[in-house]
Amino acid sequence: MLQHKIALLPGDGIGPEITSVAKMLLEAVAKKNGFEIRLEEMLFGGAAIDKTGSPLPQQTLENCKKSDAILLAAIGDPRFDNYPREKRPESGLLSLREGLELFANLRPVSIRPSLISSSSLKPEFIKEVDLLVVRELTGGIYFGKPKGRIKTNDNERGFNTMSYSTSEIDRIAEVAFELANARKGKLCSVDKANVLDVSQLWRERVDLLSEKHPKVEVQHLYVDNAAMQLIRNPRQFDVLLTSNLFGDILSDEAAMLTGSIGMLPSASLGSQGPGLFEPVHGSAPDIAGMNKANPMAMVLSASMMLRIGLNEPKAADDLEKSVDKVLAEGFRTNDLHQEGFTKLGCEEMGKELLNAL
Ligand code: IPM
Ligand code: MG
């Protein structure tokens, strides 16, 4: 029997709760579809700092590299807010992205039919939204040098550098062009070329590459305008190509079109090796351990992993269908709850998803 080896990183906050749900569903969906799945839990984030002092222990990184795919729940824990940057959980995530060269972050945003009324935008604006944020993930201001803090006698300065090379721009733009080609054929590249040199280069490279992809219609938007257009008329977008920081911001905004950030999965891919699949939401420390989390983004991330990372499209469909079925039956977690629906905890929602499978 075909066996897939998965590195499972529960991480912090609500991470372990939503991981239990994903585990249960992955085992069930594997059985149903006739393959085997081996889930190996590993230390990562705050949980790893507690045990080893590092948010990404060497052993976790090595084991991730040897797996077929990585499924991560969430990291981040306010207990470490005052730790030096490299000792914080977030640095573990950045090192994992860097260590596996996961330069392409795909964040699809589509509206699940049962949730149209959960969005803060009017239904007519969001009902046909189906867009994909393609965010560069291993460069830009997140990794640029020089960076740091300099103290002088009576002042202190903090600084980071937003920098991209042509090869970094080309490889992420190529991913976005190919995806646009396979979707509705529209690519919107986001930059701040009216102010930033790095964005001017970005825009030039995207234009140059567009000659190779004549079927894709290319548009450039300044990031401030893109933020506005996402709220004004999100249906106009197909693929949104962004740098690391702009994509971080716009993908949270785009996520909220769906009503809850608790619904959105993501994939981080390199040119080879295992991909990393994780919900877009964070560790939600305020509700950690209270059985209130929405496990659906995690389940949909597992579905993305099955589809893109493990080539198991049928099993991926099964997980997505179970999410839609449970929503159509009127079950909601706290984040999506409205009058007239049945409110469930994370664990109970997991059981309903399993029943629906
Ligand atoms: C995300 C998160 C991360 C990021 C944090 C946790 C480092 O916000 O994946 O969007 O900024 O990339
Ligand atoms: Mg973010």
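A residue counts as buried when its relative accessible area is under 20%. By that yardstick Phe 80 is buried in this predicted model, because its relative accessible area is just 2%. Its partner in an aromatic pair is Tyr 83, which is partly exposed, with a relative accessible area of 37%. The two rings meet edge-to-face, with 4.9 Å from centre to centre and 85° between the planes. Two aromatic pairs turn up in the model, counting this one.

Rings also meet charges here. The charged end of Arg 135 sits over the ring of Tyr 142, at 5.3 Å from the ring centre. In a second case, Arg 332 lies over the face of Phe 341, 4.1 Å from the centre of that ring.

Stepping back to the whole chain, the domain assignment splits it into domain 1 (1-103 + 263-357) and domain 2 (120-258). Their centres, taken over C-alpha atoms, are 25 Å apart. Where the two touch, domain 1 puts in ten residues and domain 2 puts in twelve residues.

Next comes the packing inside. The largest nonpolar core has 63 residues, and those with the most contacts inside it are Leu 71, Leu 241, Leu 306 and Leu 353. Helix H10 (residues 296-309) is the top contributor to this core, giving eight residues. Both domain 1 and domain 2 take part, each supplying at least three residues. Apart from this core lies another, of 22 residues, among them Leu 131, Val 133, Phe 246 and Leu 257. As for Leu 241, leaving aside neighbours within four places in sequence, its contacts include Val 134, Ile 172, Leu 187, Trp 202 and Val 206.

A little further along the chain, Leu 245 lies in helix H9 (residues 244-256). Leu 245 is partly exposed, at 26% relative accessibility. Beyond its neighbours within four places in sequence, Leu 245 is in contact with Ile 141, Tyr 142 and Met 162. Leu 245 and Leu 137 are 108 residues apart in sequence, yet their C-alpha atoms are 8.7 Å apart in space.

One of those contacts, Ile 141, sits in the loop between strand S5 (130-136) and strand S6 (148-151). Like Leu 245, Ile 141 is partly exposed, with a relative accessible area of 24%. Not counting residues up to four places away in sequence, Ile 141 touches Asn 160, Thr 161, Met 162 and Leu 245. From Ile 141 to Thr 161 is 20 residues in sequence and 5.2 Å in space, C-alpha to C-alpha.

Finally, there is helix H11 (residues 313-328), which has 16 residues. At 1.5 Å a residue, this helix should span 22 Å, and its end C-alpha atoms are 22 Å apart, so the two values agree. The buried residues of H11 are Ala 315, Ala 316, Asp 318, Leu 319, Ser 322, Val 323, Val 326 and Leu 327. An α-helix has 3.6 residues a turn, so residues three or four places apart point the same way. The buried residues of H11 pack against helix H1 (15-33), H10, strand S13 (331-332) and helix H12 (346-356). Just after H11, Gly 330 takes a positive phi of about 95°.

Notes
Residues are numbered from 1 along each chain as its sequence is written. Chains are lettered from A and ligands numbered from 1 in the order in which they are written. This is a predicted model: local features need pLDDT of at least 70, side-chain atom pairs count only at pLDDT 80 or more; totals for chains, interfaces and linings use all residues. Side-chain values use heavy atoms; hydrogens and water are left out. A nonpolar core is a set of buried Ala, Val, Leu, Ile, Met, Phe, Trp, Tyr and Cys residues joined through side-chain atoms within 4.5 Å. Buried means under 20% relative accessible area, exposed over 50%, partly exposed in between (1.4 Å probe, protein chains only). Helices (H or I, at least four residues) and strands (E, at least two) are DSSP runs, numbered from the N terminus. Domain bounds come from an automatic or database domain assignment. Contact means heavy atoms within 4.5 Å. Rings of Phe, Tyr and Trp (its six-membered ring) pair if their centres lie within 6.5 Å; planes under 30 degrees apart count as stacked, over 60 as edge-to-face and the rest as tilted. A charge sits over a ring if NZ of Lys or CZ of Arg is within 6 Å of the ring centre and within 35 degrees of the ring normal. The expected span of a helix is 1.5 Å times one less than its number of residues.
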